[in-house]
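Work through these short exercises with the model open. Each task is followed by its solution.

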Amino acid sequence: MAKQKTTTKTGAKAALRPRLLVLNGPNLNLLGSREPEHYGSVTLEDINLALALRAETAEVDLESFQSNHEGALIERIHAARVQGVRYIILNPAAWTHTSVAVRDALAAVGIPFVEVHLSNIHAREPFRQHSYFSDRAIGVISGLGHQGYLLALEYLLNKLNTD
Ligand code: CA2
């Protein structure tokens, strides 16, 4: 695993665990409670726990953040650069189809990201079929339900090993 190095007070090099960030956009805090035909019955808490367990096994630091406020998500993306986050897993939810501001924030920090959607946005209403993120993403997983997050994580863990 390609770990970042930091210099301690004594000048020794200490290995830092790589940092990953999972971002979820508006209304995804409601997962598991409504619209199971589109979004399944697993809660966001369940998804975050599964991601945290897998990351722990792989000795990677993983933090999950969800917001219903666009500015809060943008601030979290800005902070990610300062924190040295290597990769982001992002479900922008409805902002997928509207937010130049979130797109610009990701471009500004330059952190590579995987775009994840629970539902297959290409099989839904026409307004969901355009994403402001897909052309900037490393890749897009759409329609594989909650497993999409874990598949994205697995991909990034492999990538960290070969970086
Ligand atoms: O399929 C996805 O993951 C989406 O990003 C989910 C968004 C939707 O606007 C995108 O087009 C596709 C909606 C998230 C709303 O989540 C809810 C969860 C439970 C109940 C109601 C909404």
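Ala, Val, Leu, Ile, Met, Phe, Trp, Tyr, Cys and Pro count as nonpolar, Asp, Glu, Lys and Arg as charged, and the others, Gly among them, as polar. The model is predicted: local features need pLDDT of at least 70, side-chain atom pairs count only at pLDDT 80 or more, and totals for chains, interfaces and linings use all residues. Residues are numbered from 1 along each chain as its sequence is written, and side-chain values use heavy atoms, without hydrogens or water.

**Exercise 1.** Sort the lining of the largest pocket by residue class.

*Solution.* Start with the lining: 19 residues, with P26, N27, L28, Y39 and A93 nearest the pocket's centre. Now sort. Nine are nonpolar, six polar and four charged.

**Exercise 2.** Find what I89 is in contact with (heavy atoms within 4.5 Å).

*Solution.* Leave aside neighbours within four places in sequence. The partners of I89 then include L21, L23, V114, V116, Y149 and L153.

**Exercise 3.** Place N48, then trace its contacts.

*Solution.* First, locate N48: it is found in helix α2 (helices are DSSP runs of H or I, at least four residues, numbered from the N terminus). Next, accessibility. N48 counts as partly exposed because its relative accessibility is 21%; the class lies between buried, under 20%, and exposed, over 50% (1.4 Å probe, protein chains only). Then the partners: N48 touches N24 and S64, not counting residues up to four places away in sequence. Finally, the side chains of N48 and S64 share a polar contact of 3.2 Å. Such a contact is a pair of N or O atoms within 3.5 Å; within protein, one must be able to donate a hydrogen and the other to accept it, and residues adjacent in sequence count only if both atoms are side-chain atoms.

Technical notes: On a 1 Å grid over the protein atoms alone, a cavity is a set of points where a 1.4 Å probe fits but cannot get out, and a pocket is an open set with protein on both sides within 12 Å along at least five of seven lines; lining residues have an atom within 4 Å of a point. Helices (H or I, at least four residues) and strands (E, at least two) are DSSP runs, numbered from the N terminus.
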